[in-house]
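Welcome! Let's take an unhurried walk through a protein together, with the picture beside us as we go.

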Amino acid sequence: MQFDTSDTPTIKRRLTTMMYEGVLLFGVVAIAGLIFSPIFQQRHALYLRHALQYWLFFVIGAYFIWFWVHSGQTLPMKTWRMRLVTLDGNAVTFKRALARYFLAWLWFVPGLAIAWALDAKAWTSLAIVFANVVAWALTARIHPSQQFLHDRIAGTKLIEISKSK
């Protein structure tokens with residue numbers, strides 16, 4: 001199925017959608033944690049901490065990949081009238097959605113790795129991660145398509161959907 005590849009949403013709209021996505025993910029992560037804890041009898045936050053982190057990484061990935069493959073939109077994307085498509089306007093495949101999910105972690109992982117390597121504490125580590133996020137967001141400004149770097153690498157793009165009448 002091919003979609004109309006109209007205008008690219010503004011960076012501000014995409015970042016606002018990401019913040020809305022974070023609010024919804026809070027609930028998804030809370031429910032996933034409530035499922036994990038009783039199954040593995042986790043009575044202390046540090047007990048099986050890494051297993052819980054892997055579980056949450058999987059759950060968040062399943063959430064995004066399922067929505068991107070089935071409709072091209074999560075709830076915040078529907079609210080802000082955006083859709084994820086391939087560069088030629090077709091629906092996103094599982095392989096592309098998986099690649100986009102892993103590449104999207106580059107918003108945070110390099111900053112976290114630098115903060116860890118520098119043994120940064122508290123506000124310094126937060127500043128390093130924030131600088132990474134800002135740098136990643138600016139990658140959309142330097143490319144004519146105005147798409148984020150992870151979308152360009154994954155062969156996907158966000159498009160704006162016109163209002164239905």
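Let's start inside one helix, α6. Here I128, V129, N132, W136 and A137 are buried. An α-helix has 3.6 residues a turn, so residues three or four places apart point the same way. What covers the buried residues of α6? The cover includes α1, α4 (94-104), α5 (109-117) and α7 (149-154). You can also check the length of this helix for yourself: α6 has 17 residues, from 122 to 138, and at 1.5 Å a residue these should span 24 Å. The C-alpha atoms at its two ends lie 25 Å apart, which agrees.

Now step back to take in the whole chain, keeping in mind that this is a predicted model. The protein has seven helices and two strands, and reading along the sequence gives the pattern α-α-α-β-α-α-α-α-β. Along its principal axes, the C-alpha trace spans about 50 × 35 × 30 Å. Of the 165 residues, 35% count as buried. Among contacts with a separation of 6 or more, 68% are between residues 24 or more positions apart.

One buried residue deserves a pause. E21 is found in helix α1, and although E21 is buried, it has no salt bridge. How far away is the nearest side chain of opposite charge? That side chain belongs to R100, and it is 7.9 Å away; a salt bridge would need the charged atoms to be within 4 Å. Leaving aside residues up to four places away in sequence, E21 touches Y63, F64, T74 and P76.

Next, look at the outside. The accessible surface of the protein comes to about 10500 Å², and carbon and sulfur atoms account for 71% of it. One nonpolar patch on this surface, of about 590 Å², is made by I31, I35, I39, F40, Y47 and L48. Of these, Y47 lies in the loop between α1 (11-39) and α2 (49-70). Is Y47 buried or exposed, or something in between? With a relative accessible area of 45%, Y47 is partly exposed, because that value falls between the 20% limit for buried and the 50% limit for exposed.

Finally, visit two loops where the backbone does something worth spotting. R81 lies between α3 (75-79) and β1 (82-86), and has a positive phi of about 55 degrees although it is not a glycine. R81 is partly exposed, with a relative accessible area of 26%. In the loop between α5 and α6 sits D119, which is not a glycine either and has a positive phi of about 55 degrees.

Notes
Residues are numbered from 1 along each chain as its sequence is written. This is a predicted model: local features need pLDDT of at least 70, side-chain atom pairs count only at pLDDT 80 or more; totals for chains, interfaces and linings use all residues. Side-chain values use heavy atoms; hydrogens and water are left out. Patches are made of residues with over 30% relative accessible area and no salt bridge: like charges are joined within 9 Å, nonpolar side chains (Val, Leu, Ile, Met, Phe, Trp, Tyr) within 5 Å. Accessible areas come from the Shrake-Rupley method with a 1.4 Å probe; for residues, only the protein chains shown count as cover. Helices (H or I, at least four residues) and strands (E, at least two) are DSSP runs, numbered from the N terminus. Buried means under 20% relative accessible area, exposed over 50%, partly exposed in between (1.4 Å probe, protein chains only). The expected span of a helix is 1.5 Å times one less than its number of residues. Contact means heavy atoms within 4.5 Å. Lys and Arg count as positive and Asp and Glu as negative; His and the chain ends are not counted.
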